[in-house]
Amino acid sequence: MQMNRSGSGKPWASPCAACKILRRRCGEKCILAPYFPPNNPHKFSTAHHVFGASNIVKMLKGVPTDRRDDAISSMVYEANARVRDPIYGCAGTICQLQHQISELQSQLAAAQAELLALHMHQANLLSLISLSHTSKEDAQPTESDPQYKENKEYNIDGLFSDEMECLMLWEPR
Ligand SMILES: [Zn+2]
């Protein structure tokens with residue numbers, strides 16, 4: 001295969017894949033030549049099998065020159081999908097992908113909910129930890145604090161108030 005360096009519209013010196021398969025002369029102005037290089041006959045044969053060469057040419061003529069590359073890629077993709085899946089073609093792939101998207105979206109939503117629950121659990125744990133730290137550090141109970149009373153009662157000469165009462169009872173008269 002040799003590139004045609006004459007600067008004409010046909011980039012290949014040898015006949016394009018389309019003309020080779022259609023057994024026709026590949027002229028300088030062959031509309032299919034830029035898109036169907038001779039080294040990739042499968043690309044044209046698939047598109048031709050599904051759409052027919054005349055429809056490919058008709059479609060190309062209705063598309064601006066700068067969009068023809070994309071149009072051919074799309075037709076070849078659709079043709080390959082139709083060969084793989086004669087009933088649904090591209091629609092089958094689209095449905096499959098949409099199904100996959102909705103499955104992944106529900107998986108994502110479940111993962112996000114789990115993440116949120118874990119974040120809340122973590123926040124609860126952190127607040128509990130900081131609460132126990134502050135209550136240990138600020139362990140200077142005030143009068144209103146019930147713990148203060150309790151400590152006071154326990155700390156009089158290291159005796160319980162009940163014991164104090166007993167001692168008072170046993171005090172010699
Ligand atoms: Zn050609």
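**Exercises on helix packing and the nonpolar core**

Leaving aside neighbours within four places in sequence, A18 is in contact with L32, F36, F44 and A53 in this predicted model.

**Exercise 1.** Find which members of the largest nonpolar core touch the most other members, and which helices supply the core.

*Solution.* Begin with the core itself, which has 17 residues, and among these C16, A18, L32 and F36 touch the most other members. Next, turn to the helices: at least two residues of this core come from each of α1 (17-22), α2 (41-51) and α4 (68-84). Finally, compare the contributions, and α4 turns out to give the most, with four residues. As background, nonpolar side chains in soluble globular proteins tend to be buried together.

**Exercise 2.** Decide how α2 is oriented relative to α4, and describe the residues of their contact.

*Solution.* First, take the two axes, which come within 8 Å and cross at roughly 70°. Angles of 65 to 115 degrees count as roughly perpendicular, and therefore α2 is roughly perpendicular to α4. Then list the residues that make the contact: K43, T46, A47, H49, V50 and F51 belong to α2, while M75, V76, A79, N80, R82 and V83 belong to α4. Sorted by class, the residues of this contact are seven nonpolar, three polar and two charged.

**Exercise 3.** Describe how α3 packs with α4, and state which residues make the contact.

*Solution.* Start with the geometry: α3 (residues 53-61) and α4 pack at an angle of about 145°, and their axes are 10 Å apart. The crossing in which α3 passes α4 is right-handed. On the α3 side the contact is made by I56, M59 and L60, and on the α4 side by R68, A71 and M75. By class, this contact has five nonpolar residues, no polar ones and one charged residue.

Conventions:
Residues are numbered from 1 along each chain as its sequence is written. This is a predicted model: local features need pLDDT of at least 70, side-chain atom pairs count only at pLDDT 80 or more; totals for chains, interfaces and linings use all residues. A nonpolar core is a set of buried Ala, Val, Leu, Ile, Met, Phe, Trp, Tyr and Cys residues joined through C-beta atoms within 7 Å. A residue is buried if 20 or more other C-beta atoms lie within 10 Å of its own, exposed if 12 or fewer, and partly exposed in between; C-beta atoms are placed from the backbone. Two residues are in contact if their C-beta atoms, placed from the backbone, lie within 7 Å. Axes are lines fitted to C-alpha atoms, for helices over the stretch in contact, and angles run from 0 to 180 degrees between N-to-C directions. Angles under 35 degrees count as roughly parallel, over 145 as roughly antiparallel, 65 to 115 as roughly perpendicular and the rest as oblique. Ala, Val, Leu, Ile, Met, Phe, Trp, Tyr, Cys and Pro count as nonpolar, Asp, Glu, Lys and Arg as charged, and the others, Gly among them, as polar. A crossing is left-handed if the near helix is turned anticlockwise from the far one by less than a right angle, and right-handed if clockwise.
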